[in-house]
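Here are a few exercises to work through with the model open beside you. Try each task before you read its solution.

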Amino acid sequence: MSLYFNLNGMQEKKIDLHYKIYTSVAELKEEDQQLIDKAKKASLNAYAPYSQFRVGTAILLDNQEVITANNQENISYPEGLCAERTALFYTSANFPKNTIKTIAIVGNNSLKTTDKPITPCGGCRQVMAEYEGKQQSKIRVLMAGVEGKIIEVNGIDNLLPFRFVMD
Ligand code: THU
């Protein structure tokens with residue numbers, strides 16, 4: 001965060017977000033390619049009859065275990081849950097002592113092909129930030145479409161500055 005301007009106590013500041021863009025999965029290391037592949041496969045099992053938008057997530061833990069999940073919709077729309085939170089809650093419920101290293105997210109619109117990487121919704125970013133705080137280490141996020149470019153961030157601060165906290 002850099003100080004921009006200061007007048008009579010008021011400060012204007014600027015936040016730098018860091019991310020990497022790869023032109024295709026081929027540029028990623030083998031482990032990341034495999035994680036994205038698992039997220040892509042998980043997206044195929046999404047229950048998304050209302051939006052037709054399938055999202056898959058694969059979470060790599062420090063013990064090399066990989067947790068996969070996908071979005072689950074409901075006829076009462078707000079009761080559905082994003083792929084990321086489905087995976088994160090399962091992970092914290094079943095591997096409470098493990099550390100999340102990387103989350104790969106793949107989005108796939110069954111109505112039209114898109115190579116736009118899926119970037120997680122605000123609610124999922126808040127939940128990722130929570131688990132970063134719990135484990136006291138950064139989570140890397142890989143965001144992908146069915147094909148094409150990949151966006152990588154290291155640390156949820158790069159996705160959600162000013163997350164909600166209770167101090
Ligand atoms: N969705 C996710 O699974 N992850 C996101 O980060 C954003 C949206 C799901 C929710 C819903 O089932 C569908 O995509 C369309 O919004």
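**Exercise 1: two residues in loops**

Gln-136 sits in the loop that joins H3 to strand S7 (140-144). Keep in mind that you're looking at a predicted model.

Task: work out what is unusual about the phi of Gln-136, and decide whether the residue is buried or exposed.

Solution. Start with the backbone: phi of Gln-136 is near 60 degrees, a positive value in a residue other than glycine. Most residues other than glycine have a negative phi. Next, check the surface: Gln-136 has 70% relative accessibility, so it counts as exposed, the cut-off being over 50%.

Now do likewise for Gln-64, in the loop between S4 and S5. Its phi is near 75 degrees, again a positive value in a residue that isn't glycine. With a relative accessible area of 52%, Gln-64 is exposed.

**Exercise 2: helix H1**

Task: check the length of H1 (residues 30-43), then find which of its residues are buried and where they lie around the axis.

Solution. Step one is the ruler. H1 has 14 residues, and at 1.5 Å a residue they should span 20 Å; the end C-alpha atoms are 20 Å apart, so the two agree.

Step two is burial. Asp-32, Leu-35, Ile-36, Ala-39, Ala-42 and Ser-43 are the buried residues of H1. Looking down the axis, you'll see them fall within an arc of 120 degrees, so they line one face of the helix. There's a general reason for spacings like these: an α-helix has 3.6 residues a turn, so residues three or four places apart point the same way.

Step three is the surroundings. The buried residues of H1 pack against S4, S5, S6, S7 and strand S8 (150-154). On the face turned away from that buried side, H1 carries the exposed residues Glu-30 and Lys-41.

**Exercise 3: a glycine in a strand**

Task: place Gly-107, say whether it is buried or exposed, and list what it touches beyond its sequence neighbours.

Solution. Gly-107 belongs to strand S6. Its relative accessible area is 3%, so it is buried; the cut-off is under 20%. Leaving out residues up to four places away in sequence, Gly-107 touches Phe-53, Arg-54, Val-55, Ile-118, Ala-144, Gly-145 and Val-146. For a link back to H1, take Ala-39: it is 68 residues from Gly-107 in sequence, yet their C-alpha atoms are 8.9 Å apart in space.

**Exercise 4: helix H2 and the ligand**

Task: find the buried side of H2, then work out which residues make polar contacts with the ligand.

Solution. First, the buried residues of H2 are Ala-83, Glu-84, Ala-87, Leu-88, Thr-91 and Ser-92. They cover an arc of only 150 degrees around the axis, which puts them on the same side of H2. Their cover includes strand S4 (53-61), strand S5 (66-70), strand S6 (100-109) and helix H3 (122-135).

Second, look at the shell around the ligand: S4 and H2 each supply at least two of its residues. Among the surrounding residues are Phe-53, Val-55, Ala-83 and Glu-84.

Third, go through the polar contacts:

- Glu-73: a side-chain N or O atom is 2.5 Å from a ligand oxygen.
- Ala-83: a polar backbone atom is 2.9 Å from a ligand oxygen.
- Glu-84: a polar side-chain atom is 2.7 Å from a ligand oxygen.

Finally, the ligand taken alone exposes 370 Å², and the protein buries 75% of that.

Technical notes:
Residues numbered from 1 in each chain as written. Predicted model: local features only at pLDDT ≥ 70, side-chain atom pairs only at ≥ 80, totals over all residues. Heavy atoms only, no water. Buried < 20%, exposed > 50% of the residue type's maximum accessible area, 1.4 Å probe, protein only. Helix = DSSP H or I, 4+ residues; strand = E, 2+ residues; numbered from the N terminus. Arc of directions from axis to C-beta. Contact = heavy atoms within 4.5 Å. Near = heavy atom within 4 Å. Polar contact = N/O pair within 3.5 Å; in protein donor to acceptor, adjacent residues only side chain to side chain. Areas by Shrake-Rupley, 256 points an atom, 1.4 Å probe, with all protein chains shown as cover. Expected span 1.5 Å × (residues − 1).
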